[in-house]
Amino acid sequence: MAEIAKDYQQLPKNYLFREIKQRKLAHIARRPGVHVYDLGIGDVSLPLPSNVTNAMAQKALSLEYAETFTGYEGSEGGVELKNRIAEYYHALGADILPQEIFINDGAKGDCADVQTLFASGTTFGLQDPAYPVYANSIILSGKAGEVDNNGQHKNIVYLECTEENDFIPDVPKEKIDVIYLCFPNNPTGATASEKTLKKYVDYANDNKAILIFDAAYSWFIRETDKPKSIYEVEGANTCAIEIQSLSKAAGFTGVRLGWTVIPQELSAENVDPGEINQLWRKRQQIHFNGPSNVAQAGGEVILSPTGLESVVESTNYYLNNAKSIKATLAKAGIKSWGGVNAPYVWSETPTVDGKKLSSWEAFDHYLERANVIATPGVGFGPSGEGFTRFSAFGKSEDNDAAIKAIVDNLQTN
Ligand code: PLP
């Protein structure tokens, strides 16, 4: 009889978004016809720009004719798109070559899979709270080690993000082999300065550690001292892998396109520079037949000058939503962070009848009082307890209606 790997049984039992859905449905069942505003969503709501959809439509139509039909094009993505991505890095002042870029079908798969490069016994540093995919993929690959009573794993070092450190943990005191960093951060919206990232790069180079930098939300950065890519920081090419996505930049959550950069100079314990890049190439050849050619046609337009202008436009739209959310919370006397270079606003839970609510109590309070869904911070890790994540990805009219409902109905004292 087939036996299921034990690693699968170590996955956390409660799924955040399933629990949210169940509570939402129960709320609607108690109040038939009620409108629930969703500030919990991680998906985008704006449609794609027409120059992008036109390019994808043309590519799709070209597949109808023998002369222009294309099939498999390799596991790393097309040369034209890689060149555009290399130019994108060049414009940021970063030195990345097309052969260091591996185009994927969105960032999630590589966020989960890149840890397969590292030996069992590797220690992984994770921001707490963080995008749950990092921890869960380490658990699934059997590298997380024993779990304690608090649900924490032996081989994972949890780097606490708190109000005291502005939700950006200082470089670790101990030696950690691989550190995942996500800036701008999901869920806290915290965005690291060049100075902070330089400390991490120096730590990694000094300790022969590797940084896995998730830059999926870099498109929202507006403050000029905050790098959009880790490779803007001197010394990063020898110690950092970067994962990028067009999902939140350009509404590609359904189209699916992103990339991973593995620089030639990247080095690790038992390999020479250049080898990790080659190993990942082989891995991609084994696991992946390349991103969709139609999606890549759209991606080329996004990375053109006009495409990048539309990215600024759509991210500005969400940043405006974030600004309104922050202003509303301030009016309700609720402290918040993020939302300036990020589409997420991280807020303290309200105090009601003299008691500060837990993350899930706050979830119920927003839902009961204002018919608003906001994500419980604790769903992203234990340090998220006592916080709520508000997403700015809604349509602005829904965003405005939701925040009006909060101002009109929320009891906070
Ligand atoms: N990284 C972070 C921090 C995310 O929040 C997400 C999606 O929400 C992803 C990566 C994955 O994005 P995608 O697979 O759509 O490119």
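Tutor: A residue is counted as near a molecule if one of its heavy atoms lies within 4 Å of it. Keep that cut-off in mind as we read this model, which is a predicted one.

Student: With that cut-off, how many residues surround the ligand, and which are the closest?

Tutor: The ligand is surrounded by 14 residues, and the closest are Ala107, Asp214, Tyr217, Ser245 and Ser247. Sorted by class, this shell holds six nonpolar, four polar and four charged residues.

Student: Which helices supply at least two residues of the shell?

Tutor: Helix 5, residues 107-113, and helix 8, residues 247-250, each do so.

Student: Which side chains place a polar atom 2.6 Å, 2.9 Å or 2.7 Å from an oxygen atom of the ligand?

Tutor: Ser247 has a polar side-chain atom 2.6 Å from a ligand oxygen, Lys248 has one at 2.9 Å from an oxygen atom of the ligand, and for Arg256 the corresponding distance to a ligand oxygen is 2.7 Å. As for burial, the ligand taken alone exposes 400 Å², of which the protein buries 91%.

Student: Where is Arg256 placed, and what is its phi?

Tutor: Arg256 belongs to the loop between helix 8 and strand 8, the latter being residues 258-261. Its phi is near 80°, which is a positive value in a residue other than glycine.

Student: Let us turn to the sheets. How do strands of a sheet pair in general?

Tutor: The strands pair through backbone hydrogen bonds, and the pairing is either parallel or antiparallel. In this structure, strand 3 (residues 124-128) and strand 4 (residues 156-160) give a parallel case, with five bridges between them, and in this pairing Asp128 stands opposite Glu160 of strand 4. The connection from strand 3 to strand 4 passes through helix 6, residues 133-140, and this β-α-β crossover is right-handed.

Student: Which strands form the open sheet with antiparallel pairing, and in what order?

Tutor: That sheet has four strands in the order 9-10-15-14. Its edges are strand 9 (336-338) and strand 14 (375-376), each of which pairs on one side only. Within the sheet, strand 10 (residues 344-348) and strand 15 (residues 387-391) run antiparallel and are joined by five bridges, with Val345 standing opposite Phe390 of strand 15.

Student: Where should I look for cis peptide bonds, and what are their omega values?

Tutor: One cis peptide bond joins Phe183 and Pro184, with omega about -10°, and another joins Asn186 and Pro187, with omega about 20°. Pro184 is found in the loop that runs between strand 5 (178-182) and helix 7 (194-207), and Pro187 likewise is found in the loop between strand 5 and helix 7.

Student: Finally, how many helices and strands does the protein have, and what does its radius of gyration agree with?

Tutor: The secondary structure comprises 13 helices and 15 strands. A compact globule of 413 residues would have a radius of gyration near 22 Å, and the protein's value of 22 Å therefore agrees with that expectation. Along the principal axes, the C-alpha trace spans about 60 × 55 × 50 Å.

How values were computed
Residues numbered from 1 in each chain as written. Predicted model: local features only at pLDDT ≥ 70, side-chain atom pairs only at ≥ 80, totals over all residues. Heavy atoms only, no water. Pairing = 2+ DSSP bridges. Right-handed = clockwise from strand over helix to strand, strands pointing away. Polar contact = N/O pair within 3.5 Å; in protein donor to acceptor, adjacent residues only side chain to side chain. Areas by Shrake-Rupley, 256 points an atom, 1.4 Å probe, with all protein chains shown as cover. Nonpolar A, V, L, I, M, F, W, Y, C, P; charged D, E, K, R; others polar. Rg over C-alpha atoms; globule rule 2.2 N^0.38 Å.
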